Amino acid sequence: MLLADARALAPDLQVHEASPGDDLKFLAQLADWCGQYSPWTAPEVTGEAGESGYGIWLDVTGCGHLFGGEEALLANLVERVGELGFMARAAMADTPGAAWATVRYGLPLGEAILVTKPGKVRDVLRRLPVAALRFSPEICVGLERLGLRQAGDLFDLPRGPLVARFGDILIRRVDQALGRQPEPISPQNPPPKYRARLSFAEPIGKPEDLEEAARRLLKLLCQQLEQAGRGLRRLEVSFFRVDGSLTRLGIGTSGATRNATHLLRLLKEHLTSVDAGFGIETITAGALRDAELEADQLKLADVSRRTFKQVHAGEETMETLTDRLANRLGRRSVRRLRPRNSYMPEKAVRNVPYGEFGNRNGAGDGQWFINRRRPLSLFERPEPIDVIAPVPDDPPVMFRWRRIVHHIAVSDGPERIAPDWWEMTSPDLGEEVQSRDYYQVEDTAGDRFWVYRSGVYRGVESAANAQWYLHGLFA
């Protein structure tokens, strides 16, 4: 209908300029809002035949019982979308193609929902027009010229002539609608494997109500994880407001856990940022990342303390402390040292974000095999010093560092550390491939240092090339 004709029929008609980009953006937001019915939601995109009915896909497998049945789920969905100011229709079927056809061509007049009985897709589609199978207008016109006006007319025809004339999309659409060929739908957000949901008869908004709801929700989620022998690494909590918008909060842990008390403590620090608006009607929690987590063997002392109520489940530990700091300051702001398979002090460890490997027990690509004392402060690059030693292989009796002279009172050593064999490929590499003799020395003022001599004395020429360095400071 032309705009002039429409205005002639309805003089009060309000006209606005079309904005397809904004329409698709809002459709994606509405698909997010539908996540309170199923974690598997996606806005409908333009297909091969150019069809785009501005719909939303929902995979509600296993979700019907949460609303009292599949029909009750669809009725609630249509009613809630209507409260947002939109007219909606919904249909449920065994296949995405059948649901698409039913909602657009199979709903009785005056009806807004329809649930196709399992196994009855063929009977429902048979009497619908061929356009219900998502064909392009050109294909529909061609089929009508051949007298094929209903979808059922295509079910039993020979396929060769149809493919030769219309292409393989015709057969593919038929098979997808009937379930003969899979039609995967990518969700807008990755659906969590473990998920818990809470809905409220009346919207909530008080901070204490949100905290209590989060406590119950996390308890339900941790029960699912415990039954599966899994632990949570990344948690996402979604708050669905009555105005159709939602807020998501994400927290992470350094290792797999299903301690609801600890998770709630991390989440509480972000609950103050949730804007309840006119009220929150549904909250969901999902484990975006999980890992295997078996039951821990408690020590006898821990069992006795818990038995006599001397400790509670939320007791602060190093792991819970680092998780709180990481969620408050950022995961890359909390660091830890991880071992590496190298005896060279500056290469024996590396500074990484806490929990990078998902193992809080300290296991990495190396093991802590050094059983000797190391300085608390280790320089990133050893600093050269001037040393006086009575004989070449003895510890120094005096050295100068940063223009300050230190007289040695006590010394211990040497400890010889050879370079890694895989780096000794060329004698031209210089200092890095030299053996080192380390000494722990203490000056007359009580300060303790870790110094080393690079190279081994083998005659006058080698003695002239040997260099001394300061590598660290003891506390």
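**Stop 1: the loop between H5 and H6**

Start by selecting Arg134, which sits in the loop between H5 and helix H6 (137-145). Keep in mind as you click around that this is a predicted model. Look at the backbone here: phi of Arg134 is near 65°, a positive value in a residue other than glycine. Is Arg134 buried or exposed? With a relative accessibility of 5%, Arg134 counts as buried, because buried means under 20%.

**Stop 2: the whole chain**

Now zoom out and colour by secondary structure. You should find 13 helices and 16 strands in the protein chain. The chain has 475 residues, and buried ones make up 39% of them. Try showing contacts too. Taking those between residues at least 6 apart in sequence, 60% join residues at least 24 apart.

**Stop 3: helix H4**

Select residues 96-106, and you have helix H4. How many of its 11 residues are buried? The count is 8, so this helix is mostly covered, with buried meaning under 20% relative accessible area. Highlight them one at a time: Gly97, Ala98, Ala99, Trp100, Ala101, Thr102, Val103 and Gly106.

What do these buried residues pack against? Turn on the neighbours and you will meet three strands, S2 (56-58), S3 (90-92) and S4 (113-115). Two helices join them there: H5 (121-126) and H8 (168-178). Leave H8 switched on for the next stop.

**Stop 4: a cavity beside H8**

Here is a trick for spotting gaps. Rolling a probe the size of a water molecule over the atoms shows where empty space is left. In this structure there is 1 cavity of 30 Å³ or more. The volume of the largest cavity is about 50 Å³.

To see what lines the largest cavity, select Leu154, Phe155, Leu157, Arg159, Leu162, Leu170, Ile171 and Val174. Which helix gives the most to the lining? That would be H8, with 3 residues. Helix H7 (159-166) also matters for your selection, since H7 and H8 each supply at least two lining residues. Colour the lining by class and you get 7 nonpolar residues, no polar ones and 1 charged.

**Stop 5: helix H12**

Jump along to residues 318-329, which form helix H12. This helix has 12 residues and reaches 16 Å from its first C-alpha to its last, close to the 16 Å expected at 1.5 Å a residue. Its buried residues are Thr320, Thr322, Asp323, Arg324, Ala326 and Asn327. What covers them? The cover includes strand S7 (246-257) and helix H10 (260-271). Before you move on, click Gly330, just after H12, where phi is positive at about 110°.

**Stop 6: strands S11 and S12**

Next, select S11 (residues 377-388) together with S12. These two strands pair in the antiparallel sense over 3 bridges. Ile388 is a handy landmark, as it stands opposite Met398 in S12.

Show the side chains of S12 and rotate the view. Which residues are on its covered face? Phe399 and Trp401 are there, while Met398 and Arg400 are on the uncovered face.

**Stop 7: the hairpin of S12 and S13**

Keep S12 (residues 398-401) and add S13 (residues 404-417). The pairing between S12 and S13 is antiparallel, with 4 bridges. Find Phe399 again, and you will see that its bridge partner in S13 is His406.

S12 and S13 make a hairpin with 2 residues between them. Arg402 is in the turn, with a positive phi of about 55°. Arg403 is also in the loop between S12 and S13, and phi of Arg403 is near 65°, a positive value in a residue other than glycine. Is Arg403 buried or exposed? Its relative accessible area is 84%, so Arg403 is exposed, which takes a value over 50%.

**Stop 8: along S13 to S14**

Follow S13 until you reach Pro414, which is found in this strand. Zoom in on the link from Gly413 to Pro414: a cis peptide bond joins the two, with omega of about 10°.

Last, add strand S14 (residues 436-443), which pairs with S13 in the antiparallel sense over 7 bridges. For a final click, pick Ile417, which stands opposite Arg436 in S14.

Technical notes:
Residues are numbered from 1 along each chain as its sequence is written. This is a predicted model: local features need pLDDT of at least 70, side-chain atom pairs count only at pLDDT 80 or more; totals for chains, interfaces and linings use all residues. Side-chain values use heavy atoms; hydrogens and water are left out. Buried means under 20% relative accessible area, exposed over 50%, partly exposed in between (1.4 Å probe, protein chains only). Contact means heavy atoms within 4.5 Å. Two strands pair if DSSP finds at least two bridges between them. On a 1 Å grid over the protein atoms alone, a cavity is a set of points where a 1.4 Å probe fits but cannot get out, and a pocket is an open set with protein on both sides within 12 Å along at least five of seven lines; lining residues have an atom within 4 Å of a point. Grid points are joined across faces, edges and corners, and a volume is the space filled by probe spheres set on the points. Ala, Val, Leu, Ile, Met, Phe, Trp, Tyr, Cys and Pro count as nonpolar, Asp, Glu, Lys and Arg as charged, and the others, Gly among them, as polar. The expected span of a helix is 1.5 Å times one less than its number of residues.
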